Amino acid sequence: LSLRGRSARAPAPFFCTHSACCRLVAGRSMGGAMATRSEGLAMSSPAAFLQPLPSATAHPAPPRGGWAAPSATGRNMVPQAEASMEVFPLVAACAAAVVVGAGRAQRTGRARGSNTVALRAEAVRSPAAVQQPPLLVAAAVVGEKTKSAKVLEPASRVLQRLFLEGPKVDRKTFSINCWYESPDTTTSQRDKVHDYFQTRPTRNIDRVCDGKQKAGCTWTQLDGRRGASFIRMDQDGKVTFIREIMEPAAAFKFKENNLATMKPVTSLLVGLDGLQSTIEGWLGSKDTARRESPKPKFGLEKPKTRRASDVVVYLWEEAMYAEDRPVDRVLAEFSDELVYEDLTYVDEVWPRNKEALEMYEKENRENMPKDMRFVLDDVTDGDKAACAMWHTEFGGSRSPRGITFYGVDAKGQVDYGRVVYDLSF
């Protein structure tokens, strides 16, 4: 480092903190650009440099003749001639020591292996707490610059791997407190969920959404029965939640509107719910919020974007409960060429175009009890497809629970749907 009027635009990466001259040079040449200060250290990203704390003991008195003020950029240092003649020999000696020390630290880092990695992590987290020579600490922090972040596997790929590997899936794919639920089985904890996958029926994916933290898919079992799945990942890329639902047996499928078929049952439940409301009124504990008609959540006129996830949220939280033309708002988000598979019905009555879907929606609303509501529990974060996880609230119950898969076309309109639920779930 030359002090004879030259610009210090490319300072040496490390300054020795044990020499007063280099400490002064470090403080001046950095021009106060350091972002983070700690005991004996000053670091900025992406590089790290050593600099003493601004205290009375850290900086000796300026040399005879004083130092000129730094330039506006804070990176140039122009000392006076007398000071340069006195400081230059010390700077040269310290520069040689830094070179030798850097080589020694590099060799030591290679020899220590994992210890250097641990030191790096500790130095980045809390430089002041690391009881190591400042040069080695700075080298560890600089090494952090080239450390690449861990790339987590997208949920859509993890979901496909679960189906492909089946019984061979790695136990570590699941989080420690993983939860699995379906109408047939509900279990928790990593070992139990992994054990269930050893006997789970083989299922082949038909469609899968492109979610990153959450994903869903439609599938067909080897015996021909169909269904849908929903998974959620944690921050470490482990599967923490799974819901799977399969279509009912053919003998239990509806051939006409299911709400119309179940109207005697729902009417009885409405009567019992009214009796409960009367009793609660007498006792002064009436739950009016539960019996209010559902309303749009934000009052949006259209989805925020044409991403599949935003379209699904709009359908479930806005269009479905719109006070003005709810059916028209729902139909506006569907393509003219669509297939909507409601697996609780026989295949012949599925809506296969927008006109059939309009009839399907109107029949549902005509036969739906006034205080029945469909609640969106979660939705995957897909762009081209999304999967919704939901439940129904009616008469004080939160059943059935279901899954609906949505695929969108290039315009962001739904061109495919599959809904599956089990009345006992």
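Let me start with helix α10, in what is a predicted model. Its buried residues are Ala308, Ser309, Asp310, Val311, Val312, Tyr314, Leu315, Trp316 and Glu317. That is 9 of the 10 residues of α10, so the helix is largely enclosed by the rest of the structure. What do these buried residues pack against? They pack against α11, which covers 326-331, and against β10, β11, β12, β13 and β14. The helix itself, residues 308-317, lies across those strands and runs at about 160° to β11.

Now the sheet. Its 5 strands come in the order β10-β14-β13-β12-β11, the sheet is open, and the pairing is mixed. At the edges are β10 (334-342) and β11 (373-379), each of which pairs on one side only. On average, neighbouring strands are turned by 25° against each other, direction ignored. β11 and β12 are antiparallel, with 6 bridges between them. Leucine 376 faces tryptophan 390 of β12.

Next, salt bridges. The whole structure has 23. One of them joins aspartate 206 and arginine 418, at 3.9 Å from N to O. Aspartate 206 sits in β6 and arginine 418 in β14, 212 residues apart. Is each partner buried or exposed? Aspartate 206 is partly exposed, at 41% relative accessible area, while arginine 418 is buried, at 4%.

Another salt bridge involves the edge strand β11: arginine 232 meets aspartate 378, with the closest N and O atoms 3.0 Å apart. Arginine 232 belongs to β8 and aspartate 378 to β11, so this pair ties together parts 146 residues apart in sequence. Aspartate 378 counts as buried, at 12% relative accessibility, and arginine 232 is partly exposed, at 26%.

Definitions and conventions
Residues numbered from 1 in each chain as written. Predicted model: local features only at pLDDT ≥ 70, side-chain atom pairs only at ≥ 80, totals over all residues. Heavy atoms only, no water. Pairing = 2+ DSSP bridges. Helix = DSSP H or I, 4+ residues; strand = E, 2+ residues; numbered from the N terminus. Axes fitted to C-alpha atoms, helices over the stretch in contact; angles between N-to-C directions. Contact = heavy atoms within 4.5 Å. Buried < 20%, exposed > 50% of the residue type's maximum accessible area, 1.4 Å probe, protein only. Salt bridge = Lys/Arg side-chain N within 4 Å of Asp/Glu carboxyl O.
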